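Let's take a walk through this one together, going strand by strand. Pull up the viewer and follow along.

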Amino acid sequence: QVQLVESGGGLVQAGGSLRLSCAASANIFSISTMAWHRQAPGKQRELVAAITSGSSTNYTDSVKGRFTISRDNAKNTVYLQMNSLKPEDTSVYSCNARWPTGWSSRDVWGQGTQVTVSS
């Protein structure tokens with residue numbers, strides 16, 4: 001069974017940095033598109049950044065130039081480097097893995113990690 005374990009969240013002042021990590025427990029990692037989503041209280045979950053198995057990346061507009069997603073297939077880990085953090089980045093950040101299965105796909109979510117940015 002695939003599991004994702006996130007780490008690296010915490011409290012930081014505006015302008016600071018954090019790095020989130022998400023480790024996968026199984027060998028589907030190398031064929032998966034990995035993504036970070038976030039959800040703040042009262043708001044819909046949004047895709048923050050994604051990286052394909054070929055390392056193509058995609059970011060939501062609000063984090064472009066500040067956040068960087070990367071992956072280490074040897075460690076089955078995806079990272080989200082967050083710089084120049086703003087109070088509006090405060091949210092629960094969750095890791096997602098999606099991989100192909102025949103004509104379809106499967107995905108799995110991590111438990112989430114809280115990021116709080118103080119002004």
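Which residue is the bridge partner of Met34 in β9? It's Ala97. Keep in mind as we go that this is a predicted model.

That pairing is a good way into β4, which covers residues 33–39. On one side, β4 runs antiparallel to β9, and seven bridges join the two strands. β4 also pairs with β5, again in the antiparallel sense, over five bridges. If you want a spot to zoom in on there, Ala35 stands opposite Ala50 in β5. The hairpin of β4 and β5 has six residues between the strands, and Gly42 takes a positive phi near 80° in that hairpin. How enclosed is β4 itself? Five of its seven residues are buried, so the strand is largely enclosed by the rest of the structure.

Now for the core. As a general matter, nonpolar side chains in soluble globular proteins tend to be buried together. Here the largest nonpolar core has 29 residues, and the members that touch the most others are Met34, Trp36, Val78, Leu80, Met82 and Tyr93. Seven strands each supply at least two residues of this core: β3, β4, β5 (46–51), β7 (67–72), β8, β9 and β11 (113–118). Take Leu80 as a sample: leaving out residues up to four places away in sequence, its contacts include Leu18, Leu20, Trp36, Val48, Phe67, Ile69 and Tyr93.

Next, the covalent link. A search of the whole structure turns up one disulfide, and Cys22 and Cys95 form it, with their sulfur atoms 2.1 Å apart. The dihedral about the S-S bond is -85°, which makes the link left-handed. Cys22 sits in strand β3 (residues 18–24) and Cys95 in strand β9 (residues 91–101), so the pair ties together parts that are 73 residues apart in sequence. Both Cys22 and Cys95 are buried.

From Cys22 it's an easy step to Thr77. Thr77 touches Cys22, along with Ser21, Ala23, Phe29, Ser70, Arg71 and Asp72, again not counting residues up to four places away in sequence. Thr77 lies in strand β8, which spans residues 77–82. Is Thr77 buried or exposed? Its relative accessible area is 8%, so it counts as buried. The side chain of Thr77 also reaches the backbone oxygen of Lys75, at 2.8 Å.

Conventions
Residues numbered from 1 in each chain as written. Predicted model: local features only at pLDDT ≥ 70, side-chain atom pairs only at ≥ 80, totals over all residues. Heavy atoms only, no water. Helix = DSSP H or I, 4+ residues; strand = E, 2+ residues; numbered from the N terminus. Buried < 20%, exposed > 50% of the residue type's maximum accessible area, 1.4 Å probe, protein only. Polar contact = N/O pair within 3.5 Å; in protein donor to acceptor, adjacent residues only side chain to side chain. Contact = heavy atoms within 4.5 Å. Disulfide = S-S within 2.5 Å. Core = buried A, V, L, I, M, F, W, Y, C linked by side-chain atoms within 4.5 Å. Pairing = 2+ DSSP bridges.
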